[in-house]
Amino acid sequence: MTSPAQDTTWQALAAHRTELGERHLNALFAADPARATRMQAEACGLFLDYSKNRVTDDTLALLFRLAREAGLAERTAAMFGGERINATEGRAVLHTALRQPAGAVVTVDGRDVVADVVAVRERIRHFSDAVRSGAWRGHSGKPITDVVNIGIGGSDLGPLMACEALKPYAQPGLRLHFVSNVDGVQIDDVLKAVDAETTLFIVASKTFTTQETLTNAHTARAWLIGRAGSEAAVARHFVAVSTNAEAVSRFGIDTANMFGFWDWVGGRYSLWSAIGLPIVLQIGAARFDALLAGAHAMDEHFRSAPLEHNLPVIMALLGIWNIDFLDAPTQVIAPYHQRLHRLPAYLQQLDMESNGKSVKLDGSPVGCQTSPVIWGEPGINGQHAYFQMLHQGTRFAPIDFIGVLEHPAHLAHHHRVAFANMVAQAEALMRGKSAAEVEAEMRAAGLAEDRVRALVPHRVFPGNRPSNTLLLERLDPFGLGALIALYEHRTFVQGVVWGVNSFDQWGVELGKQLAARVLDDLAGEADANPHDASTAALIERYRRGARASGH
Ligand code: F6P
């Protein structure tokens with residue numbers, strides 16, 4: 001396998017980039033009044049304006065050629081068709097099957113997986129209906145008021161992000177809590193706030209071996225038994241979501257209270273599976289179906305729309321242009337909607353765990369830059385924190401501005417202010433402000449000439465900083481489903497062009513292995529394992545601290 005950088009289209013893009021040089025977006029807009037209407041795409045209730053990227057029609061044509069030559073059509077067909085494209089783990093990649101409607105057929109090793117998916121969906125529907133209606137009772141006969149999801153990574157970020165986004169659809173009187181951190185503070189706070197008689201714990205772990213999740217789950221279990229006075233209470237207060245029935249039952253949860261999924265669902269792609277149980281409990285099964293339908297609609301768009309009109313493909317290729325040809329090391333996600341405040345964190349795992357790779361599928365070096373650092377916060381808060389760097393820093397960071405059009409009537413004024421800021425930021429980053437404009441402004445304000453001269457360099461904005469603006473018609477289950485699937489496929493397309501396996505995560509293993517050894521050494525009197533001097537000194541400092549505080 002050759003590196004993408006050895007590809008002739010890649011080299012043509014590199015030459016084209018040199019030719020474009022620092023050509024300013026202002027000049028591109030001035031020369032081409034139709035640019036904004038041409039560089040837009042729309043599907044599944046999402047509208048994308050990508051005209052504020054440093055590209056021309058020639059750039060786009062080359063990028064689409066790059067995708068075609070990378071075999072995007074074949075790889076897409078292989079993924080949707082259930083081929084084992086996660087080669088290093090020997091697994092199919094079928095999160096798209098999770099959102100197929102009942103009756104569709106997707107086979108893996110001759111077995112129709114959609115039938116299995118629908119069967120679990122039905123069990124979840126019954127269970128969630130029982131909890132939401134109050135028919136499911138705690139050990140003392142009271143209905144459930146609080147649900148605590150214990151999980152981490154993909155078993156936390158997706159459900160948490162979606163539950164935050166879809167709060168207006170929440171069942172009144174049923175509170176959701178999420179515990180991921182093992183430091184103890186998080187579960188401690190939650191346990192102090194809930195009642196053992198009316199709390200349901202979901203232990204969510206694909207593998208059911210994750211140290212953080214099992215540590216928190218054991219704490220919760222002991223807490224419940226301590227309060228209920230009997231192990232029998234576990235059956236009314238604990239359910240598991242996992243692919244590992246044996247470990248679930250070893251932990252002490254009856255597999256009758258387990259909702260399964262399959263090895264062909266990656267953790268970071270799993271919110272559509274039983275891992276979405278907290279979402280179902282919060283918004284109900286029918287609305288969860290709408291979330292799946294939104295994602296399915298995006299799947300169909302991705303599979304069938306020509307590349308030139310294909311939202312995930314366009315966003316993926318613009319990302320590659322920014323990362324590999326304009327040398328952008330990061331990608332900002334700036335939602336202008338408070339309910340999307342966990343989206344950047346969710347996309348961090350989706351993108352960085354998927355494409356944070358240095359070798360291609362055949363093990364050879366990838367030879368170009370891959371996953372950017374994904375970061376961000378709700379944009380309006382970011383404007384008062386990190387946007388200074390975006391406007392005037394030495395590095396540029398492409399941004400996805402994400403806005404929502406529909407809003408409650410009583411919040412119309414707030415919505416207008418937020419929307420105005422989003423659009424203005426994209427405009428400001430693109431157009432910048434020249435020295436002449438700055439000088440004229442300061443002179444008009446009556447500043448002395450020496451002050452004007454001193455301040456000009458500080459007040460100039462270079463502009464030419466690219467962004468996408470993505471507008472959702474409304475933040476409802478369907479719209480959210482489509483938005484998440486858009487980013488999933490964007491990640492997939494980038495992985496295909498780079499030639500990496502977007503579906504394994506070997507990079508998380510070493511830290512886990514070493515943590516087990518360090519844990520042993522923290523508990524001992526001296527190190528049983530060899531460590532470098534820095535690590536050994538930190539371990540010793542911990543032991544001294546623990547001795548001083550008497551444990
Ligand atoms: O350590 C990374 C990871 O394996 C993620 O890929 C995964 O989402 C997370 O841990 C949690 O894994 P599990 O669901 O098996 O507990």
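These notebook entries cover the two largest pockets and the ligand in this structure, which is a predicted model.

**Entry 1: the largest pocket**

I began with the largest pocket, for which I noted a volume of about 1,000 Å³. I then looked up its lining, which comprises 41 residues, and found Thr207, Thr210, Gln505, Val508 and Lys512 to be the closest to the centre of this pocket. Turning to secondary structure, I noted that helix H9 (211–228), helix H15 (343–355) and helix H22 (509–523) each contribute at least two residues to the lining, and that H22 gives the most, with 5 residues. When I sorted the lining of the largest pocket by class, I counted 17 polar, 13 nonpolar and 11 charged residues.

**Entry 2: the ligand**

I next asked myself which space is taken by the ligand. The ligand takes the largest pocket, and I therefore recorded its surroundings directly after that entry, using a cut-off of 4 Å for a residue to be near a molecule. I found 14 residues around the ligand, with Ser155, Ser205, Thr207, Thr210 and Glu353 as the closest. By class, this shell holds 9 polar, 3 charged and 2 nonpolar residues.

I then went through polar contacts made by oxygen atoms of the ligand. For Gly154, I noted a distance of 2.7 Å between a ligand oxygen and a polar backbone atom. For Ser205, an N or O atom in the side chain is 2.6 Å from an oxygen atom of the ligand, and for Lys512, a side-chain N or O atom is 3.1 Å from an oxygen atom of the ligand. I also looked up the ligand's area, and found that the ligand taken alone exposes 400 Å², of which the protein buries 87%.

**Entry 3: the second largest pocket**

Lastly, I turned to the second largest pocket, which holds about 690 Å³ of space. I noted 25 lining residues here, and those lying nearest the centre of this pocket are His337, Gln338, Arg339, Pro408 and Leu411. I asked which helix gives the most to the lining of the second largest pocket, and found that H18 does so, with 4 residues. Helix H7 (157–165), strand S12 (399–404) and helix H18 (412–431) are each listed in my notes as supplying at least two residues of this lining. By class, I recorded the lining of the second largest pocket as 13 nonpolar, 7 polar and 5 charged residues.

Key: Residues are numbered from 1 along each chain as its sequence is written. This is a predicted model: local features need pLDDT of at least 70, side-chain atom pairs count only at pLDDT 80 or more; totals for chains, interfaces and linings use all residues. Side-chain values use heavy atoms; hydrogens and water are left out. On a 1 Å grid over the protein atoms alone, a cavity is a set of points where a 1.4 Å probe fits but cannot get out, and a pocket is an open set with protein on both sides within 12 Å along at least five of seven lines; lining residues have an atom within 4 Å of a point. Grid points are joined across faces, edges and corners, and a volume is the space filled by probe spheres set on the points. Ala, Val, Leu, Ile, Met, Phe, Trp, Tyr, Cys and Pro count as nonpolar, Asp, Glu, Lys and Arg as charged, and the others, Gly among them, as polar. A polar contact is a pair of N or O atoms within 3.5 Å; within protein, one must be able to donate a hydrogen and the other to accept it, and residues adjacent in sequence count only if both atoms are side-chain atoms. Accessible areas come from the Shrake-Rupley method with a 1.4 Å probe; for residues, only the protein chains shown count as cover. A molecule sits in a cavity or pocket if more than half of its atoms lie within 2 Å of its grid points.
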